[in-house]
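Biologist: I would like to go through this structure with you, one question at a time. Please give the reasoning before each answer.

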Amino acid sequence: VDNTTGNANQGTLTFNGSGTVTAAIGNSNALASIGLFNTSGATITLSGAVKAQALSLGANNGTATFGSATIANEVSLTANTQQLTFNKTSALNGGFDFNGFSGTVTVDSAAGNNTLTGAITSHNSTAGTLAITGGANTVTFASAIGETSSHRVGLITVAASTTAVFSSTVYSQQINLSGTAKFNGNVNGALAFTSTGTIQLYDGGAISGAVDNTGTANQGTLTFNGSGSVSGAIGATKALASIGLINASNAAVTLSDNVTTKAITLGANAGSATFGGTTKINDAVNFTAAGQNITFKGTTDLANGINLKGFASTVTLDSTSASKTLTGAVTTATNDTGTLAIEGANTFTVANAVGSNGNALSSVTIADSSNAIFSSTIHANALTVGTGSATFNDAVTAAINLKGGTITLADGKSIQGAVDS
């Protein structure tokens, strides 16, 4: 079906119900309009490349499948359960509006990598589903998804083995994935791994919402390509498999809420990661470079401890918000390396050993006005107590510098090292 008038945007193609066009539409010049969904339950297949100024949708449910499409005007749904599928690279140059209806847009990559250009949103409310399918290929969204937290897509799904690349900001009430999602813009909404999947966030990116695992425990990988943040809880329902941090030089990552994950992996770069809430990590946390600083601001359970691995790096425990506890040993692989720093005006309790005989930490520091309780042994080259306090419930092997604070030693325990001020 062609427009050979020599002028773009001429001619109207209307489907009274279901129908099929096997070849291109508007190959020479774009049509003015294509009318779809003019009866309930219509199924329309347009297998070739489609070029039109507008798609005119009737107020009925139905499905329309495009090989590829270039549409100049905004495409807007007019009824619930309307479904549009794009199987090849398409350009909705006026954008797409769910218009408050519970319809579905599917972008499929089974035929090869697929790119969709044009903003996708729901101007009137939160509505609609964006489904990304197709197996082992990649779907790229060149434009923004959603506009604000009240004008956004209801649900985005990324199928298993499929990779979705979001080039701009994403506003969606919920994002469920069992494939891979790469975000090159900020994300606003809740994300959930429904099975094994991966989220990659660009350097400097922010996720305003939670990242959950609603499938089997220990699945789903969240990777920060550089600096970034997540405002909501991570792994609230079930633990993630892994969170990848400090993957660029001097990256700074902030996880503001509670975190539950099987593992933390650190890139071989200097940088920092801050855990703002209650944190549970099953596998040993191993430092990988000098100049790394990991801060815990909530009660923290490191089931297999944290190892500075001989690097000049720091574990920081911050009790600014309230008194907290660290469970899990703080160790190093080379004698006289690594720092444990305690700060904040409340008390941080360290439940397990700090350093070990033959592999002592370089230093343990307790900042002014901070308080620390050590329930197990300490091995460090130097231990500094500011104007706060340190309570030792087991043996201490360290030279202690007391700068106006107080030290309490449990009955029968010893300090091997000088105490100076």
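Biologist: Which residue in strand 36 does Asn307 stand opposite?

Modeller: Bear in mind that this is a predicted model. Strand 33 covers residues 306–307, and it pairs with strand 36 in the parallel sense over 2 bridges. Opposite Asn307, in strand 36, stands Thr331.

Biologist: In what order do the 3 strands of that open sheet lie?

Modeller: Strands of a sheet pair through backbone hydrogen bonds, either parallel or antiparallel. Here the pairing is parallel. Strand 30 and strand 36 (330–331) each have a single partner strand, so they stand at the edges and one side of each is left without a neighbour in the sheet. The order is 30-33-36.

Biologist: How many salt bridges does a search of the whole structure find?

Modeller: Side chains of opposite charge can pair when their charged atoms come close. One such pair is Lys262 with Asp283, and another is Asp394 with Lys413. The search of the whole structure gives a count of 2.

Biologist: How many residues apart are Lys262 and Asp283?

Modeller: The closest N and O atoms of the salt bridge between Lys262 and Asp283 are 2.8 Å apart. Lys262 belongs to strand 27 (residues 259–266), while Asp283 is in the loop between strand 29 (279–281) and strand 30 (285–286). The pair thus links distant parts of the chain, and the separation is 21 residues.

Biologist: Is Asp283 buried, partly exposed or exposed?

Modeller: Buried means under 20% relative accessible area and exposed means over 50%. Its partner Lys262, at 32% relative accessibility, counts as partly exposed. Asp283 has 22% relative accessibility, so this residue counts as partly exposed.

Biologist: How far apart are the closest N and O atoms of Asp394 and Lys413?

Modeller: A salt bridge needs the nitrogen and the carboxyl oxygen within 4 Å. Asp394 and Lys413 form one, with their closest N and O atoms at 3.8 Å.

Biologist: Where do Asp394 and Lys413 lie, and how many residues apart are they in sequence?

Modeller: Asp394 is in the loop between strand 42 (389–392) and strand 43 (396–402). Lys413 is in the loop between strand 44 (406–409) and strand 45 (415–416), so the pair ties together parts whose separation in sequence is 19 residues.

Biologist: What is the angle between the planes of Phe166 and Phe183?

Modeller: The structure holds 6 aromatic pairs, and this is one of them. The ring centres are 5.0 Å apart and the pair is stacked. Phe166 is in strand 16 (residues 163–166) and Phe183 in strand 18 (residues 180–183), 17 residues apart. The angle between the planes is 10°.

Biologist: Which residue joins Phe166 and Phe183 in a cluster linked by ring pairs?

Modeller: Phe166 and Phe183 are both buried. Ring pairs link these two into a cluster with Phe141.

Biologist: What is the relative accessible area of Phe392?

Modeller: Phe392 forms a stacked aromatic pair with Phe374, 5.7 Å centre to centre and 25° between the planes. Phe374 lies in strand 40 (residues 371–374) and Phe392 in strand 42, so the pair ties together parts 18 residues apart in sequence. Phe374 is buried, with a relative accessible area of 1%. Phe392 is buried too, and its value is 0%.

Biologist: Is Thr274 buried or exposed?

Modeller: Thr274 is found in strand 28 (residues 271–275). Among the residues that Thr274 touches, not counting those up to four places away in sequence, are Val253, Leu255 and Lys297. Its relative accessibility is 19%, so Thr274 counts as buried.

Technical notes:
Residues numbered from 1 in each chain as written. Predicted model: local features only at pLDDT ≥ 70, side-chain atom pairs only at ≥ 80, totals over all residues. Heavy atoms only, no water. Salt bridge = Lys/Arg side-chain N within 4 Å of Asp/Glu carboxyl O. Helix = DSSP H or I, 4+ residues; strand = E, 2+ residues; numbered from the N terminus. Buried < 20%, exposed > 50% of the residue type's maximum accessible area, 1.4 Å probe, protein only. Pairing = 2+ DSSP bridges. Phe/Tyr/Trp six-rings, centres within 6.5 Å; stacked < 30°, edge-to-face > 60°. Contact = heavy atoms within 4.5 Å.
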